[in-house]
Amino acid sequence: MKKLVLALMAIGTWCFSNNASGQDTLNVTTHDHITINTNQKEGVNSFYEWGVFPSKSQNIRRIKMQVTLGHPDSMAIAHWDYLDHIYLRRVGGTEGESKDIEIGRLITPYGSSFTKDWEYTWEVDVTDFASLLRDSVEVEYLHSGYEPEKLGWALTVNFEIHTGPAVANPISIKELYKGSFPYGDINDPVENYFTPVKVNYDDKADFGRIRIQHTGHGFGPPDYCSEFCTRWREVVYNGKVIDKRDLWKDCGDNPLYPQGGTWVYDRGHWCPGDLQKPDVYNVDAKPGENIIDVDMMPYVDSVEEVEGREVVAAYFIQYEAPNHTNDVAIEEIEVPSLKQNYGRLNPAVFEPVIRFRNLGSEPLTELKIKYGTKGFNTKTFKWTGSLDFWEETTLYLPGIVDFEDGMNLFEVELLRPNGKKDEWKGDNSLTSEFKSLKELPLEFVVAYKTNYRPEENHLFMVNEKRDTVYQRNPWESDSNTVYMDTLKLDPGLYEFELTDSEGNGLEFWAEPQHGYGYLRFLDMEGNILHHFLSDCGNGQFLAFKATENAKPDTTVSQNAFFIYPRRTRERLELDAFLESPKDMKVRFMSDGEPVEVHEYTNFKQGTLEYYIGYLPKGRYVVEVYLDDELVHKDRINRD
């Protein structure tokens with residue numbers, strides 16, 4: 001047993017930090033930058049690792065699980081949006097009982113366009129399983145899929161544990177539903193699997209929590225259920241519908257973009273590159289027998305072979321009464337932030353955005369909030385509203401985000417919930433790092449090329465007073481046309497936005513019939529100051545500072561590359577716009593192996609044409625190198 005403990009401490013170690021309020025934060029890393037890939041024969045591949053978590057005697061306030069995928073060190077990156085599960089397996093050592101509890105669900109992104117320095121981190125709250133994440137714990141990452149085994153991901157799973165008094169003491173965990181259930185089979189309806197479940201409360205229970213991971217997969221004619229069809233689900237408690245929602249998610253605003261596949265298409269309660277947040281419902285404990293039920297929209301597939309599947313893992317956790325009466329927690333600073341999941345909102349300047357949650361038994365009706373950038377005057381705001389226990393809200397705070405050149409620190413503190421002392425201050429404060437705004441000159445050109453659907457796109461810009469100082473409305477633009485609008489601005493702060501009403505950006509590889517467009521800011525000599533991504537889904541956002549002596553951001557490349565069409569039978573073009581002349585190499589790759597290479601000396605800008613009609617049909621990746629450094633990747637389809 002001694003050898004086991006030493007091994008576990010080497011694999012999953014504690015890293016502590018402390019704040020002045022007495023709350024410690026420790027990190028337990030189970031999977032530490034391991035390489036994962038598929039098992040083509042089985043369709044699933046499991047990766048087991050151990051971690052040493054706090055003992056059962058130590059108080060745990062919250063646990064956040066952070067999952068990071070990156071480009072693997074020793075192989076090419078994976079391509080497909082596969083369904084992955086994270087399970088809590090054995091607890092208490094190698095002889096411990098297997099719990100078989102799904103604590104997280106991630107759908108991998110389309111990775112073919114990601115370069116070697118790419119990685120992305122998601123986060124989800126797993127405090128509901130804190131009673132089991134104790135001592136020695138085995139965690140399984142189950143990766144599904146059938147792509148070549150020489151493709152993979154670098155995986156890290158970390159548990160960020162905040163010590164302190166539990167929000168409410170957990171009592172028990174019960175499985176409600178778990179499996180992959182057919183949807184649309186007239187001979188085997190999904191209601192055969194969503195049968196009512198009876199629960200009886202412990203004498204100490206004050207409330208129960210229903211926690212559901214639910215995603216739709218598989219598709220076929222006529223309705224492409226369950227991945228590409230919207231359908232509703234009801235959660236019923238003791239005969240009363242406590243929630244009804246469409247199991248559908250808008251993927252055009254996915255913070256992880258662009259991706260190499262059909263990432264913009266909305267899906268059945270998930271998107272590619274998404275660690276799903278579970279649906280959570282608190283219900284009052286009642287004596288006697290209680291009934292939990294899930295109902296799905298009635299549906300019958302009209303073809304013989306049913307492909308739709310509803311993949312569900314649902315649990316019921318019983319809790320004692322909340323430990324505090326007046327208790328509030330800051331959940332997140334969304335703006336300003338460097339976190340990847342808020343990349344579409346940042347950098348921003350006009351309104352800080354925070355989320356906070358009521359953790360006290362009394363409804364939260366008022367709150368004092370102190371906030372601001374370190375080194376600047378602190379602002380104060382009084383929030384009023386109504387939040388029941390465990391409810392959270394997103395708040396836009398008044399005023400601009402102050403900043404100085406370089407990195408900055410934004411601070412938020414929550415005070416006086418309901419006009420009273422907070423009973424646990426350990427989670428009342430939060431800070432976020434953020435970078436100062438990009439500087440642009442007072443005069444520059446908006447270079448906008450429309451695609452064949454200009455009626456979907458709107459361009460506009462506002463100043464500090466929220467006055468619109470520039471816009472190009474959809475009805476003002478013709479298709480496949482270049483517009484060069486010169487702007488002359490006053491010194492100050494601005495926000496510019498491009499929106500796309502159909503969620504497919506100015507270009508999307510799977511819809512070449514829509515053409516392609518681009519959006520760039522150019523200086524008066526025609527050099528790129530900022531280029532927006534054309535494959536942007538619902539749109540793009542930029543906040544900037546206009547100043548007479550604008551300093552260029554030398555940390556970000558202003559090279560622009562555009563391949564069109566990315567779905568072709570024979571020909572495609574590469575439009576390349578470089579900051580300065582360089583030697584350029586273009587490689588066409590198939591599963592990590594080059595099939596065609598082109599080299600150019602002292603290249604600055606131009607449109608290059610390629611014929612690939614002789615290549616076998618399939619997926620390829622185009623890599624662009626400048627002076628032997630990989631700077632751009634795009635996935636293409638040879639139809």
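Before I turn to the structure, let me fix one term: a residue is called buried when its relative accessible area is under 20%, and exposed when that value is over 50%. With that in place, please keep in mind throughout that what we have here is a predicted model.

The cut-off matters at once for Y516, which sits in the loop between β32, residues 492-500, and β33, residues 518-522. Its relative accessibility comes out at 19%, and because the limit for burial is under 20%, Y516 counts as buried. If we set aside the neighbours within four places in sequence, Y516 is in contact with K449, T450, N451, L506, E507, F562 and Y564. T468, on the other hand, is 48 residues away from Y516 along the chain, and the C-alpha atoms of these two residues are separated by 27 Å.

Some of those contact residues come back when we ask about empty space. How many cavities of 30 Å³ or more does the structure hold? There is one, and the largest cavity contains about 50 Å³ of space. Its lining is made up of N451, E456, N504, G505, L506, E507, F508, E511, H514 and G515, and I would point out that N451, L506 and E507 are also among the residues that Y516 contacts.

Let me move now to strand β9, residues 136-144, where nine of the nine residues are buried. As a general point, side chains in a regular strand alternate between the two faces of the sheet. In β9 both faces are covered, with S136, E138, E140, L142 and S144 buried on one side, and V137, V139, Y141 and H143 buried on the other.

Which strands pair with β9, and in what sense? Strand β3, residues 44-52, pairs with β9 in the antiparallel sense over nine bridges, and here S46 has L142 as its bridge partner. Strand β6, residues 83-91, also pairs with β9 in the antiparallel sense, over six bridges, and in this case L88 stands opposite V139. These pairings belong to an open sheet of five strands, with antiparallel pairing and the order β3-β9-β6-β7-β16. The edges are taken by β3 and by β16, residues 274-275, and each of them has a single partner strand, so one side of each is left without a neighbour in the sheet.

Residues of this sheet also take part in the largest nonpolar core, which has 51 residues, and in which M65, L88, I103, V126, L133, Y141 and F159 have the most contacts. Among the elements that give two or more residues to this core are β4, β6, β7, β9 and β10, and the largest share, six residues, comes from β10. L133, again leaving aside neighbours within four places in sequence, is in contact with F53, P54, I60, I63, L88, V126 and F159. A second, separate core has 30 residues, including L440, Y470, A510 and L542.

I will finish with a polar side chain, that of T68 in strand β4. With a relative accessible area of 12%, and therefore under the 20% limit, T68 is buried. Its side chain makes a polar contact with the side chain of T121, at 2.7 Å. Beyond four places in sequence, the residues in contact with T68 are E119, Y120, T121, A154, L155 and T156, so that T121 appears in both descriptions.

Terms used. Residues are numbered from 1 along each chain as its sequence is written. This is a predicted model: local features need pLDDT of at least 70, side-chain atom pairs count only at pLDDT 80 or more; totals for chains, interfaces and linings use all residues. Side-chain values use heavy atoms; hydrogens and water are left out. Buried means under 20% relative accessible area, exposed over 50%, partly exposed in between (1.4 Å probe, protein chains only). Helices (H or I, at least four residues) and strands (E, at least two) are DSSP runs, numbered from the N terminus. Two strands pair if DSSP finds at least two bridges between them. Contact means heavy atoms within 4.5 Å. A nonpolar core is a set of buried Ala, Val, Leu, Ile, Met, Phe, Trp, Tyr and Cys residues joined through side-chain atoms within 4.5 Å. A polar contact is a pair of N or O atoms within 3.5 Å; within protein, one must be able to donate a hydrogen and the other to accept it, and residues adjacent in sequence count only if both atoms are side-chain atoms. On a 1 Å grid over the protein atoms alone, a cavity is a set of points where a 1.4 Å probe fits but cannot get out, and a pocket is an open set with protein on both sides within 12 Å along at least five of seven lines; lining residues have an atom within 4 Å of a point. Grid points are joined across faces, edges and corners, and a volume is the space filled by probe spheres set on the points.
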